[in-house]
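Dear colleague,

Please find below the structure that I am handing over to you. My notes on it follow directly after.

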Amino acid sequence: MRSDHQLGLPFMKMHGLGNDFVVLDARAQNIDVTPALAQALGDRHRGVGFDQLAVITNGAEDLHLTFYNADGSLSATCGNATRCIARFVMHETGQSTLKLSTDRGPLSACDAGDGMTAVNMGQPQLDWSEIPLASAMDTLTLPITGSPVATGMGNPHCTFFVDDVAAVDLASFGKAHEHHPLYPQRTNVQIAQIIGPDHIRMRVWERGVGITLASGSSSCATGVAAARKGLTGRKVRIDLDGGTIHIDWRDDGVWMTGPTTHVFDGTLTAAFLDEIS
């Protein structure tokens with residue numbers, strides 16, 4: 001990989017409920033991000049390791065975010081990374097609200113108090129063509145064993161409601177359904193257990209990544225799916241493997257609120273960058 005950073009490339013490591021990210025700040029420097037770089041950084045043994053790579057650039061709003069999965073593929077959105085970066089920029093600038101742009105579209109973020117950060121992930125995509133699915137069908141009851149719900153949050157989701165999430169072998173289940181032919185762009189897979197009218201237990205398989213401790217867009221999709229099926233109200237607590245997030249499907253979009261952590265800053269060496277083809 002050719003790089004202008006002869007002294008290395010600074011990065012930040014962040015996570016939201018264990019859903020972890022490497023963040024590159026390209027607002028004041030030229031960073032040539034390629035799928036190969038994303039894959040190399042995502043390697044937890046030979047790189048840094050992450051669920052997603054996020055790149056901050058200047059844009060029409062306060063900033064623009066671009067996301068890559070660990071396999072080097074692009075993702076239009078990443079809710080927990082958006083919250084982490086929003087918290088970082090609000091601390092940097094002293095602002096309590098932000099406008100961000102992503103390939104999903106414009107998003108709003110705000111300081112929710114008590115160290116929590118909220119992001120409006122926009123309205124869910126409920127029509128088969130927007131998600132997208134392979135053909136026209138009812139997105140509330142897919143013709144897949146288990147009758148999952150399809151939801152778009154800028155990326156595709158497939159939500160299964162089960163009696164006991166602990167009884168599901170998520171590794172094999174998630175891998176099989178990520179590549180289901182109904183999803184031409186692959187899909188994120190959630191298994192969700194209803195605990196109460198405003199309480200869900202959920203586990204996540206992310207496309208291009210695998211099992212993750214949490215996922216913001218998956219949490220939004222599951223909250224929307226549960227409300228559409230009448231299993232919960234539109235405001236729910238979701239307990240993930242990595243912790244708890246709060247989803248509120250309002251008239252202006254799906255709001256997601258939870259904690260963020262800026263773990264450390266580091267520098268990728270020029271030698272590491274030069275090894276990447």
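The sulfur of Cys 220 lies 11 Å from the closest cysteine sulfur, that of Cys 78, which is too far for a bond. A disulfide is taken here as a pair of cysteine sulfur atoms within 2.5 Å, and by this rule the count is zero. Cys 110 is likewise in no disulfide; the nearest cysteine sulfur to it belongs to Cys 220 and is 14 Å away.

Please note that this is a predicted model, in which local features need pLDDT of at least 70 and side-chain atom pairs count only at pLDDT 80 or more, while totals for chains, interfaces and linings use all residues. Residues are numbered from 1 along each chain as its sequence is written, and side-chain values use heavy atoms, with hydrogens and water left out.

Helix α4

Cys 220 has 0% relative accessibility and therefore counts as buried (buried means under 20% relative accessible area, exposed over 50%, and partly exposed in between, with a 1.4 Å probe and protein chains only). Cys 220 is one of the buried residues of α4, which also include Gly 216, Thr 222, Val 224 and Ala 227. In total, twelve of the 13 residues of this helix are buried. Helices (H or I, at least four residues) and strands (E, at least two) are DSSP runs, numbered from the N terminus.

Helix α4 covers residues 216–228, and its end C-alpha atoms are 18 Å apart, in agreement with the 18 Å expected at 1.5 Å a residue. The expected span is 1.5 Å times one less than the number of residues. Just after α4, Gly 230 takes a positive phi of about 75 degrees.

Pro 124 and its contacts

Which residue, 100 places away in sequence, is 7.5 Å from Pro 124, C-alpha to C-alpha? That residue is Val 224, which is among the buried residues of α4. Pro 124 itself is in the loop between β8 (116–120) and β9 (149–152) and is buried, at 12% relative accessibility. Leaving aside residues up to four places away in sequence, Pro 124 touches Arg 104, Thr 151, Gly 152, Met 153, Val 224, Trp 249 and Val 254 (contact means heavy atoms within 4.5 Å).

Salt bridges

Side chains of opposite charge can pair when their charged atoms come close. A search of the whole structure finds twelve salt bridges, each being a side-chain nitrogen of Lys or Arg within 4 Å of a carboxyl oxygen of Asp or Glu.

One of them joins Asp 20 and Arg 44, at 2.8 Å from N to O. This pair links distant parts of the chain, 24 residues apart: Asp 20 is in strand β2 (residues 19–25), and Arg 44 is in the loop between α1 (35–42) and β3 (52–57). Asp 20 is buried at 9% relative accessibility, whereas Arg 44 is partly exposed at 48%. Both residues belong to a network of salt bridges with Lys 13 and Asp 51.

Glu 92 and Arg 27 form another salt bridge, their closest N and O atoms being 3.1 Å apart. Glu 92 is in helix α2 (residues 79–93) and Arg 27 in the loop between β2 and α1, so the pair ties together parts that are 65 residues apart in sequence. Glu 92 is partly exposed at 42% relative accessibility, and Arg 27 is partly exposed at 23%.

Glu 178 pairs with Arg 186 in a salt bridge of 2.9 Å between the closest N and O atoms. Here Glu 178 is buried, with a relative accessible area of 4%, while Arg 186 counts as partly exposed at 22%.

With kind regards
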